[in-house]
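Me: Hi! I would like to learn how to read a protein structure, one feature at a time. Could you walk me through this one?

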Amino acid sequence: MTWCILEFLSRISFFRVVDKRRLMKFMTFCLEWNTKAEEMDGWKEYQDEPFEKFLESQEITGELRSYIADAIGILHPNATTKDGLTAVCKFVDSVGRFGPSPFLTSLYGSGEIPQCFCRLCAVFGGLYCLGRPVEALIQKDGKVVGVIADGYRVNCSHLIMSSEYVPASVASKGQDKWIDRAVYITNKSIWTEEKEHVTLLNLFQLDPPSALRLIEEGFEVCTAPKGFYLVHLTGRKAAAESSIPRICQRIFGEPDSDRPSPCWSIRFEVLTTAALELPMENAICVSGPDHALDYGSSIDEAQRIFSMFWPDRDFLPRSLPKPEEEEEVAEEQPVEQAA
């Protein structure tokens with residue numbers, strides 16, 4: 001891992017040698033903190049303090065501090081020290097995992113990821129019924145026992161659903177949370193470079209409440225035709241009026257300027273968390289997509305729900321049990337003798 005970090009640091013050309021040494025020292029500290037945090041000194045008194053305050057205690061200031069907080073941690077300035085160290089550890093642990101970059105993106109866009117999980121579910125016996133919207137839920141004794149889909153009844157022992165299927169009679173218990181999204185197709189990259197690349201920008205400083213992030217992908221990741229780029233902006237919906245148009249005016253230029261110019265754009269809002277408490281004990285409403293850079297929160301939520309409904313089963317097992325293993329389990333089960 002240390003070799004991977006050294007290779008990563010060697011690619012950073014805009015820091016002085018002394019700053020690279022401080023960055024290497026800090027990353028090494030994070031690696032140790034990730035495995036034995038309770039034994040480490042010098043951070044506990046700052047764990048609930050702002051992350052930037054802890055960085056200053058480590059003699060990390062100026063551009064180097066901004067690089068760690070905004071680029072490496074993909075953080076907002078008021079993150080606590082513990083949150084900051086956790087994010088930096090995730091960054092450091094990802095360096096060298098699949099290449100020199102700690103970031104990994106999917107070919108053909110993130111829409112391929114749900115398809116992968118659908119195939120995985122099918123391997124384990126899952127069935128899909130497409131084009132049949134849910135019309136009603138059948139309840140009995142405080143539980144959901146079935147759903148009506150396209151005029152047909154489908155029985156179930158548990159129900160995991162999106163908030164859009166929740167009956168209108170279920171009242172909201174709080175404030176819903178939304179994310180602000182925008183997609184642009186541009187004629188050139190934001191970051192001018194000969195080699196094809198993926199651009200990631202943390203735009204928190206331009207509008208802290210929304211915490212916008214920008215991801216730009218092109219032909220190499222199979223998301224846009226050659227010569228064009230797909231730009232995604234995602235952030236929290238923090239006000240009635242979106243900050244995306246204002247920020248995009250600073251990023252994009254006029255059609256004849258040197259900066260990229262949008263050929264097409266769309267802006268929309270997505271419900272990420274519905275403040276609902278379902279009255280059915282065997283039903284749960286899952287969150288929608290959030291503004292985070294990765295899928296960590298979605299995976300954690302899926303594991304939590306799985307453990308709640310099926311505590312005796314493994315979450316995402318690597319393979320199906322072999323036939324001989326199933327026979328061994330069956331033989332080990334006690335057989336009741338007739339009286």
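Reply: Happy to! One term comes up straight away: helices and strands are DSSP runs, numbered from the N terminus. Keep in mind that this model is predicted.

Me: Let's start with empty space. Which strand gives the largest share of the lining of the second largest pocket?

Reply: Here is the general idea: rolling a probe the size of a water molecule over the atoms shows where empty space is left. In this model, the second largest pocket has a volume of about 250 Å³. Strand S5 gives the largest share of its lining, with 3 residues. Both S5 and S9 supply at least two lining residues each.

Me: What kinds of residues line the second largest pocket?

Reply: The lining splits into 5 charged, 4 polar and 3 nonpolar residues. Among the residues you can look up are Lys177, Trp178, Arg236, Thr272, Asp290 and His291.

Me: S5 and S9 sound like parts of a sheet. In what order do the strands of that sheet lie?

Reply: A useful idea for any sheet is that in a regular strand the side chains alternate between the two faces of the sheet. Here, the 5 strands form an open sheet in the order S6-S7-S8-S5-S9, and the pairing is antiparallel. Strand S6 (199–202) and strand S9 (262–273) are the edge strands, each pairing on one side only. From one strand to the next, the twist averages 15 degrees.

Me: How many bridges pair S6 with S7?

Reply: There are 4 bridges between S6 and strand S7 (residues 213–217), in the antiparallel sense. To find a spot on screen, look for threonine 199, which stands opposite glutamate 216 in S7.

Me: Which helix lies across this sheet's strands?

Reply: That is helix H7 (residues 244–251), which lies across strand S5 (177–186), S7, strand S8 (229–236) and S9. H7 runs at about 30 degrees to S5.

Me: What is the strand order in the sheet of 3 strands?

Reply: That open sheet has the order S1-S2-S3, again with antiparallel pairing. Its edge strands are strand S1 (134–140) and strand S3 (152–155), and each pairs on one side only. The twist in this sheet averages 30 degrees from one strand to the next.

Me: Where can I see S2 and S3 facing each other?

Reply: Strand S2 (residues 143–149) and S3 run antiparallel and are joined by 4 bridges. Glycine 146 stands opposite asparagine 155 in S3, and valine 147 stands opposite valine 154 in S3. The hairpin of S2 and S3 has 2 residues between the strands, and aspartate 150 takes a positive phi near 55 degrees there.

Me: Last one: how do I read two helices together, and what is the case for H2 and H5?

Reply: Two packed helices are described by the angle between their axes and the distance between the axes. For helix H2 (residues 17–35) and helix H5 (residues 81–94), the axes come within 9 Å and cross at roughly 100 degrees. Angles of 65 to 115 degrees count as roughly perpendicular, so H2 is roughly perpendicular to H5. The residues of this contact divide into 11 nonpolar, 2 polar and 1 charged. Among those that meet are Phe26, Leu31 and Trp33 in H2, and Leu85, Val88 and Phe91 in H5.

Notes
Residues are numbered from 1 along each chain as its sequence is written. This is a predicted model: local features need pLDDT of at least 70, side-chain atom pairs count only at pLDDT 80 or more; totals for chains, interfaces and linings use all residues. Side-chain values use heavy atoms; hydrogens and water are left out. Two strands pair if DSSP finds at least two bridges between them. Axes are lines fitted to C-alpha atoms, for helices over the stretch in contact, and angles run from 0 to 180 degrees between N-to-C directions. Contact means heavy atoms within 4.5 Å. On a 1 Å grid over the protein atoms alone, a cavity is a set of points where a 1.4 Å probe fits but cannot get out, and a pocket is an open set with protein on both sides within 12 Å along at least five of seven lines; lining residues have an atom within 4 Å of a point. Grid points are joined across faces, edges and corners, and a volume is the space filled by probe spheres set on the points. Ala, Val, Leu, Ile, Met, Phe, Trp, Tyr, Cys and Pro count as nonpolar, Asp, Glu, Lys and Arg as charged, and the others, Gly among them, as polar. Angles under 35 degrees count as roughly parallel, over 145 as roughly antiparallel, 65 to 115 as roughly perpendicular and the rest as oblique.
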